[in-house]
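Let's take a walk through a protein together, one piece at a time. Have the sequence and the 3D view ready so you can follow along.

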Amino acid sequence: MGVFQWLRDVVRDAIDPPFRIKYFDDDPDSSQLAARTFGVVGTPALRKYAHFRCPCGCGDVIVLTTNSKVRPRWAISVDFWMRPTVAPSVWRTVGCKSHFILERGRIYWA
C-alpha cells in the first residue's frame, strides 16, 4: 500500500469510522452492538460467531458462523486497525434482503 493510499484510509476512517471488531465471551445482546460494532464471540485465535447490525439501517442483528461443519459459513479476518473482512459476501434472504461485501471494515453494496 502506498503512502497516498494509507493517508487516504486514515483520513476516511477519521471522518467516517468503519466497522471495528469487539470480542465477547458469549453472544452479545442487541444493546451491546453499536452501529459500527462487529461483535465476535471467541478470541482472536478462535472466532466462533460474528454479530453486527445490518448496515442498511433496518436494525436487524446479523449472525454469521465460522464453523467449518455448518453451511453457510464465513471466514473472518482482522487487520492491524481491528477492521473486519468477511468472505464470502453477506446476502440476506429475509427482512431487508441486503447484499453486501464487508472488507477492511467498509461496506460495499452488491
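Helices (H or I, at least four residues) and strands (E, at least two) are DSSP runs, numbered from the N terminus. One thing to know early on: this is a predicted model, where local features need pLDDT of at least 70, side-chain atom pairs count only at pLDDT 80 or more, and totals for chains, interfaces and linings use all residues. Residues are numbered from 1 along each chain as its sequence is written, and side-chain values use heavy atoms, with hydrogens and water left out.

Let's begin at a loop. Pro-44 sits in the loop that links β2 (37–42) and β3 (47–53). With a relative accessibility of 53%, Pro-44 counts as exposed; here buried means under 20% relative accessible area, exposed over 50%, and partly exposed in between (1.4 Å probe, protein chains only). If you go from Pro-44 to His-99, you cover 55 residues in sequence and 26 Å in space, C-alpha to C-alpha.

Now look at the strands on either side of that loop. Two strands pair if DSSP finds at least two bridges between them. Strands β2 and β3 make a hairpin, with 4 residues between them. They run antiparallel and are joined by 4 bridges, and in one spot you can find Val-41 with its bridge partner Tyr-49 in β3. From β3 you can carry on to β4, since 5 bridges join these two antiparallel strands. Phe-52, for instance, has Ile-62 in β4 as its bridge partner. What holds such strands side by side? Strands of a sheet pair through backbone hydrogen bonds, either parallel or antiparallel.

Further along the chain, there's an open sheet of 3 strands, in the order β7-β8-β9, with antiparallel pairing. β7 (90–91) and β9 (106–109) stand at the edges with a single partner strand each, so one side of each has no neighbour in the sheet. Strand β8 (residues 99–103) is joined to β7 by 2 bridges, and Val-90 stands opposite Phe-100 in β8.

Stay with β9 for a moment, because Arg-106 is found there and is buried, at a relative accessible area of 8%. Who are its neighbours? Leaving out residues up to four places away in sequence, Arg-106 touches Arg-12, Asp-13, Asp-16, Pro-17, Pro-18, Arg-36 and Ile-101, where contact means heavy atoms within 4.5 Å. Just before β9, Arg-104 lies in the loop between β8 and β9. Its phi is near 50°, a positive value in a residue other than glycine, and Arg-104 is partly exposed at 24%.Another positive phi turns up at Met-82, near 65°, again in a residue other than glycine. Met-82 belongs to the loop between β5 and β6, and with a relative accessible area of 33% Met-82 is partly exposed. While you're checking backbone angles, look at two prolines as well. The peptide bond from Arg-71 to Pro-72 is cis, with omega near -5°, and Pro-72 has its place in the loop between β4 and β5 (75–78). The bond from Ala-87 to Pro-88 is cis too, with omega near -5°; Pro-88 is in the loop between β6 (84–87) and β7.

Next, the cysteines. The structure holds 0 disulfides, a disulfide being a pair of cysteine sulfur atoms within 2.5 Å. The sulfur of Cys-54 has its closest cysteine sulfur in Cys-56, 3.6 Å away, which is too far for a bond. Cys-56 is in no disulfide either: the nearest cysteine sulfur, in Cys-96, is 3.5 Å away. Cys-54 is buried at 6%, whereas Cys-56 is partly exposed at 36%.

Finally, the pockets. On a 1 Å grid over the protein atoms alone, a pocket is an open set of points where a 1.4 Å probe fits, with protein on both sides within 12 Å along at least five of seven lines, and lining residues have an atom within 4 Å of a point. The second largest pocket is about 180 Å³ in volume; grid points are joined across faces, edges and corners, and a volume is the space filled by probe spheres set on the points. Its largest lining share, 4 residues, comes from β4. Pro-72 is also among the lining residues, as are Trp-74 and Val-90.
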